[in-house]
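Q: I am new to this structure and would like a close look at one part of it. Please take me through that part slowly, in connected prose.

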Amino acid sequence: IISFKFCVSLLGSIVTQSYVGPLSDAGYFHVIFWIALGLLLTPFYPTLRGWIPEKKRTAEEAGMVKLCRGCMFDRGNFRKKKTPFIAIALSGLAAPVMSAVTTYADLGIGLMCSGVVLLALAALTYAVFPVKFFRITLGMMILTLCRIKMTSGLSYFYTANSQCLPDGPQFSYTFYITLTGIVGSLIHLLAVMLYQTFMSSWRFRPALIFTMVVGSLATIVDLIIVMRWNVAIGIPDKVFFLLGNATFENLTNILHAIPMSAISAKLAPPGMESAVFAYSLGIGTF
């Protein structure tokens with residue numbers, strides 16, 4: 001199921017990336033905004049219409065409260081699992097809060113707040129969830145901290161024009177977002193199939209060790225391009241970026257994400273699988 005989820009989401013990303021790059025190069029950022037807004041609102045209709053294949057709840061059931069037409073709240077279930085639900089909701093607020101802090105505060109305050117939020121999430125996970133799930137979550141946090149990424153900052157380096165950075169790669173948005181994104185999504189699909197075919201029968205520990213060791217080498221690609229070592233040996237920026245960053249890093253990312261998601265799903269408390277999956281995924285990307 002998790003592999004299927006990754007496949008569907010990657011197919012959607014291929015469609016999205018196919019038009020974002022050309023529209024960005026043309027300066028139609030407002031068009032991208034309205035398309036994104038429409039896509040975000042799309043899931044509301046099938047959800048409100050009850051297309052999701054799940055058990056239908058009625059207002060007559062014990063603990064159910066009707067809020068409005070087509071919308072009910074399971075007060076009984078919330079009271080039983082109130083603490084985990086609140087913890088998950090607070091973790092969801094961590095990313096927007098940190099975005100605001102890093103935007104309006106200096107680097108030192110941002111780093112301090114990040115550390116406080118991570119420690120708070122770790123303590124919250126230990127207090128609310130089973131010990132095994134806490135260990136997995138703590139491992140995800142440590143792995144995320146060890147894999148230092150500067151994707152947002154490097155995007156300016158890769159797309160800077162000749163006036164800003166004469167010796168830079170000077171990628172167009174069509175190449176940097178569309179072509180690279182489509183190649184990366186295809187590599188993601190290949191990684192899902194490789195995992196399902198060869199690694200799904202592995203124990204979790206060897207699978208995670210393999211992806212960590214290989215993934216630690218992926219960040220070297222950015223360093224080589226920034227230092228211009230690839231140009232010194234005669235490899236063009238676009239070729240090296242496609243073969244390195246778009247291929248290698250995407251491959252290791254998905255091979256790492258699938259087993260971590262599977263572990264979280266197996267250790268989730270009964271009846272909270274989807275909520276815990278979202279919680280662990282949010283911490284992994286925070």
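Q: Are Phe175 and Phe241 buried or exposed, and what surrounds them?

A: Both Phe175 and Phe241 are buried, and they make a good place to begin, with the caution that the model is a predicted one. For Phe175, which lies in helix 9, the relative accessible area is 6%, and since buried means under 20%, the residue is therefore counted as buried. Phe241 has a relative accessible area of 3%, so this residue falls under the cut-off as well. The two residues form an aromatic pair, with 6.4 Å from centre to centre and 50° between the planes, and the pair is classed as tilted. In the sequence they are 66 residues apart, Phe175 in helix 9 and Phe241 in helix 13, and the pair thus links distant parts of the chain.

This contact belongs to a wider picture, for a search of the whole structure finds ten aromatic pairs. In another of them, the ring centres of Phe171 and Phe241 lie 5.4 Å apart and the planes meet at 55°, so this pair, too, is tilted. Because Phe171 sits in the loop between helix 8 (151-159) and helix 9 (173-199), while Phe241 belongs to helix 13 (residues 237-267), the pair ties together parts that are 70 residues apart in sequence. Phe171 is itself buried, with a relative accessible area of 3%. Taken with their neighbours, these residues form one aromatic cluster, made up of Phe157, Tyr158, Phe171, Phe175, Tyr176 and Phe241.

Phe175 has further neighbours to consider. Lys238 lies over the face of its ring, at 5.1 Å from the ring centre. The C-alpha atom of Phe175 is also separated by 8.8 Å from that of Pro22, although the two residues are 153 residues apart along the chain.

The surroundings can also be described as a nonpolar core. The largest such core has 13 residues, and those that touch the most other members are Tyr158, Phe171, Phe175, Tyr176, Ile225, Phe240 and Phe241. At least two residues of this core come from each of helix 8, helix 9, helix 11 (220-226) and helix 13, and helix 13 gives the most, with four residues. Another core, of eleven residues, lies apart from this one, and Leu10, Met199, Ala207 and Ile258 are among its members.

Two loop residues deserve a look for their backbone angles. Gln170, in the loop between helix 8 and helix 9, has a positive phi of about 55° although it is not a glycine, and at 33% relative accessibility Gln170 counts as partly exposed. Arg228 is found in the loop between helix 11 and helix 12 (229-232), and its phi, near 65°, is likewise a positive value in a residue other than glycine. Arg228 is buried, with a relative accessible area of 15%.

For a view of the surface, one can turn to a nonpolar patch of about 670 Å², which is made by Phe33, Trp34, Leu37, Leu41, Phe44 and Leu48. Helix 2 (29-41) and helix 3 (44-48) are the elements that give two or more residues to this patch, and helix 2 gives the most, with four residues. Phe33, which lies in helix 2, counts as partly exposed at 48% relative accessibility, whereas Phe175 and Phe241, with which this account began, are both buried.

Note on methods: Residues are numbered from 1 along each chain as its sequence is written. This is a predicted model: local features need pLDDT of at least 70, side-chain atom pairs count only at pLDDT 80 or more; totals for chains, interfaces and linings use all residues. Side-chain values use heavy atoms; hydrogens and water are left out. Rings of Phe, Tyr and Trp (its six-membered ring) pair if their centres lie within 6.5 Å; planes under 30 degrees apart count as stacked, over 60 as edge-to-face and the rest as tilted. Buried means under 20% relative accessible area, exposed over 50%, partly exposed in between (1.4 Å probe, protein chains only). A charge sits over a ring if NZ of Lys or CZ of Arg is within 6 Å of the ring centre and within 35 degrees of the ring normal. A nonpolar core is a set of buried Ala, Val, Leu, Ile, Met, Phe, Trp, Tyr and Cys residues joined through side-chain atoms within 4.5 Å. Patches are made of residues with over 30% relative accessible area and no salt bridge: like charges are joined within 9 Å, nonpolar side chains (Val, Leu, Ile, Met, Phe, Trp, Tyr) within 5 Å. Accessible areas come from the Shrake-Rupley method with a 1.4 Å probe; for residues, only the protein chains shown count as cover. A salt bridge is a side-chain nitrogen of Lys or Arg within 4 Å of a carboxyl oxygen of Asp or Glu.
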